[in-house]
Amino acid sequence: MPTEAVSTSSCPANSVATKSTRYDPRLLGGGAVVPYIGMWTGEEFLSTQFVQHASGGIGYADEMLLDRDEWGVLWTRVTVGIGAGRPLFDKLHPLRQRRAITRLLCQVCAQPADRTEQGHLWLLPEQPSYEPDWPKDVPITLPPVCLACARLSVRMCPALRPTYVAFRAHSRICGVRGVQFAPGHPFPRPVPELEDEEFFCHEDPAIPWVMATQRARTLRDCVYVDLDQLANTSESAQHCPRVEPVWSDPR
Ligand SMILES: [Zn+2]
């Protein structure tokens, strides 16, 4: 993640996939499935110059309206070129991640995630916890999933094969992950001890100093589910017929 600026993306989060440009997880061909929220080698973070506002906080020297979200948080600048180059399965694209978690779209196929009265379907590469209602109030940046993609992912995705937890939960947008900056001369700089990305809630006094890279939700009313059992009882298993049980890392 770049720490000194990033520059122009002319593409807002909601421009990467519309009704007329439905995302196809089979972009690569050959049976590989590439999650919608993943980054590609042809996409890049762009450099620009940070400035410090007199009232406190950071901005871009050539800041534009789309550089901030509806909470006024500054976002990293990144190009949008889904399908360009090779997929980077371990990196999330900031704008596609933001679009998916905001609209509660499946992180793999970008269609509406599975939902019942118990909430949306979520999948985390974690050990189930014995704490009641876990992961309640834990900031989550991975968007939800549809049932077909969930069943596929736990069998084929390297991050989920060792262990995973599937659950339904209600959620709300709560903040961002990002890099915190501090005053500096001639430009503000990342806080050295916080150079890695961290979570910041929207109410955090430090948020004006943050450059966001991912949006987060907190969950409540979490109920563990068995994906195979769901598939036998839910029509949503048919939700994503294009994603067959094939997953490969083409690198
Ligand atoms: Zn899906």
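In the predicted model, the buried residues of helix 2 are covered by elements that include strand 7, strand 8 and helix 3. Helix 2 is mostly covered, seven of its ten residues being buried, and these buried positions are L147, A148, C149, A150, R151, L152 and S153. One of them, A150, touches L121, L123, V145, A166 and L227 when residues up to four places away in sequence are left out of account.

The surroundings of helix 2 belong to a wider nonpolar interior. The largest nonpolar core has 34 residues, and those with the most contacts inside this core are C106, C109, V145, C146, C149 and A150. At least two residues of the core are supplied by each of strand 1 (38-40), helix 1 (94-103), strand 7 (119-124), helix 2 (147-156), strand 8 (165-182) and strand 11 (210-224). Helix 2 gives the most to this core, with a contribution of five residues. A second core, separate from the one just described, consists of 14 residues and includes W75, V210, A212 and A216.

These elements can be placed within the chain as a whole. The protein chain has three helices and eleven strands, and, read from the N terminus on, its elements follow the order β-β-β-β-β-α-β-β-α-β-β-β-β-α. Of the 251 residues of the protein chain, 37% count as buried. Among contacts between residues at least 6 apart in sequence, 79% join residues that are at least 24 apart.

The confidence of the prediction varies along the chain, and the description above should be read together with this variation. The mean pLDDT of the protein chain is 83, and 82% of its residues reach 70 or more. In the comparison of elements, confidence is lowest in helix 3 (residues 227-233), where the mean is 85, and highest in strand 4 (residues 74-75), where the value is 98. Helix 3 is also among the elements that cover the buried residues of helix 2.

Two further stretches call for separate mention. Over residues 1-20 pLDDT stays under 50, and for this stretch the model has 47 contacts beyond four places in sequence. Over residues 237-251 pLDDT likewise stays under 50, and here the model has 36 contacts beyond four places in sequence.

Definitions and conventions: Residues numbered from 1 in each chain as written. Predicted model: local features only at pLDDT ≥ 70, side-chain atom pairs only at ≥ 80, totals over all residues. Helix = DSSP H or I, 4+ residues; strand = E, 2+ residues; numbered from the N terminus. Buried ≥ 20, exposed ≤ 12 C-beta atoms within 10 Å, placed from the backbone. Contact = placed C-beta atoms within 7 Å. pLDDT = per-residue confidence, 0-100. Core = buried A, V, L, I, M, F, W, Y, C linked by C-beta atoms within 7 Å.
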